[in-house]
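Here are some short exercises to work through at your own pace. Please look over the sequence and the model, then try each task before reading its solution.

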Amino acid sequence: ESAFANNATNIIQSDVAGIAHTKSWDISAKVDWETSIGTLTSVTSYNDVYESNYQDIDWTPVSFLEGILVDDVQGFTQEVRLTSPSDQNIRWFVGAFYQNIDKYRLTDASVNLNFVLNGNGDPSLKMLAPAAFAPQEQDYKTYSLFGQLNYDITSALELTLALRWDRDERDDFQENAAPGGLFNSASFEELQPKASLAWRIS
């Protein structure tokens, strides 16, 4: 009979008292500069998050798999916008956005040899041995250009025209997934136009 046969369903179970450590910090700055044609705005931010979790990986009362999961993430964003004055019939803004996220993820798992060899899943008798060491590096970049125009056709009717372009670039490297590592790369691009009429009922 399987050691997992009598486990309750729909209940999170564990034979390991998990330990989690998290460190994070971030910084951001916004600058507005009034010019003769409008307001130039810059928004910059950076964040750094490190998280490690030692936990049960098989999520049962049986001592089978456990290990440490690590996420180390750094992110940077920059947006620049130029916005026209709001007290005119034709209002507009244009801008650009950039984001870069670097992420390191590690799964370092151990297996209980006593369970594998003897079927004994007693946590007090476990003999741990390395089972998997899987570092992964991910790099995400996002680029955007956008603009919008608002025109008061009448005091009650407003026309809005907008256009946004986005491009995402994603790289993924798994060091131990194949001899020499496994690298995947993909990019996604989208152009998003918009047109609308708004009628203000007085």
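Buried means under 20% relative accessible area, exposed over 50%, and partly exposed in between, with a 1.4 Å probe and protein chains only. The model is predicted: local features need pLDDT of at least 70, side-chain atom pairs count only at pLDDT 80 or more, and totals for chains, interfaces and linings use all residues. Residues are numbered from 1 along each chain as its sequence is written, and side-chain values use heavy atoms, with hydrogens and water left out.

**Exercise 1.** Place isoleucine 153 in the fold and classify its accessibility.

*Solution.* Start with the location: isoleucine 153 lies in the loop between strand 5 (128-152) and strand 6 (157-174). Strands here are DSSP runs (E, at least two residues), numbered from the N terminus. Next, take the accessibility: isoleucine 153 counts as partly exposed because its relative accessibility is 39%. Finally, look at its company: Ile153 belongs to a nonpolar surface patch with Ile90, Leu149, Tyr151, Leu161 and Leu197, and together they have about 510 Å² of accessible area. Patch members have over 30% relative accessible area and no salt bridge, with nonpolar side chains (Val, Leu, Ile, Met, Phe, Trp, Tyr) joined within 5 Å. A salt bridge would need a side-chain nitrogen of Lys or Arg within 4 Å of a carboxyl oxygen of Asp or Glu.

**Exercise 2.** Work out the strand order of the sheet and find its edge strands.

*Solution.* Two strands pair if DSSP finds at least two bridges between them. Following the pairs gives an open sheet of seven strands, ordered 1-2-3-4-5-6-7 and paired antiparallel. Strand 1 (19-34) and strand 7 (182-199) are the edges, each pairing on one side only. Now step through some of the pairs:

- Strand 3 (residues 65-83) and strand 4 (residues 90-112) share 19 bridges, a hairpin of six residues links them, and valine 73 stands opposite lysine 103.
- Strand 4 and strand 5 share 23 bridges, with valine 111 opposite alanine 129.
- Strand 5 and strand 6 share 17 bridges, with glutamine 136 opposite glutamine 174.

**Exercise 3.** Is glycine 181 buried or exposed, and which residues does it touch?

*Solution.* First, glycine 181 sits in the loop between strand 6 and strand 7. Its relative accessibility is 18%, so glycine 181 counts as buried. Then list the contacts (heavy atoms within 4.5 Å): leaving out residues up to four places away in sequence, glycine 181 touches Phe173, Gln174 and Glu175. As a last step, compare with glutamine 136: the C-alpha atoms of glycine 181 and glutamine 136 are 9.7 Å apart, with a sequence separation of 45 residues.

Conventions:
Patch = residues over 30% accessible without salt bridge, like charges linked within 9 Å, V, L, I, M, F, W, Y side chains within 5 Å. Areas by Shrake-Rupley, 256 points an atom, 1.4 Å probe, with all protein chains shown as cover. Helix = DSSP H or I, 4+ residues; strand = E, 2+ residues; numbered from the N terminus.
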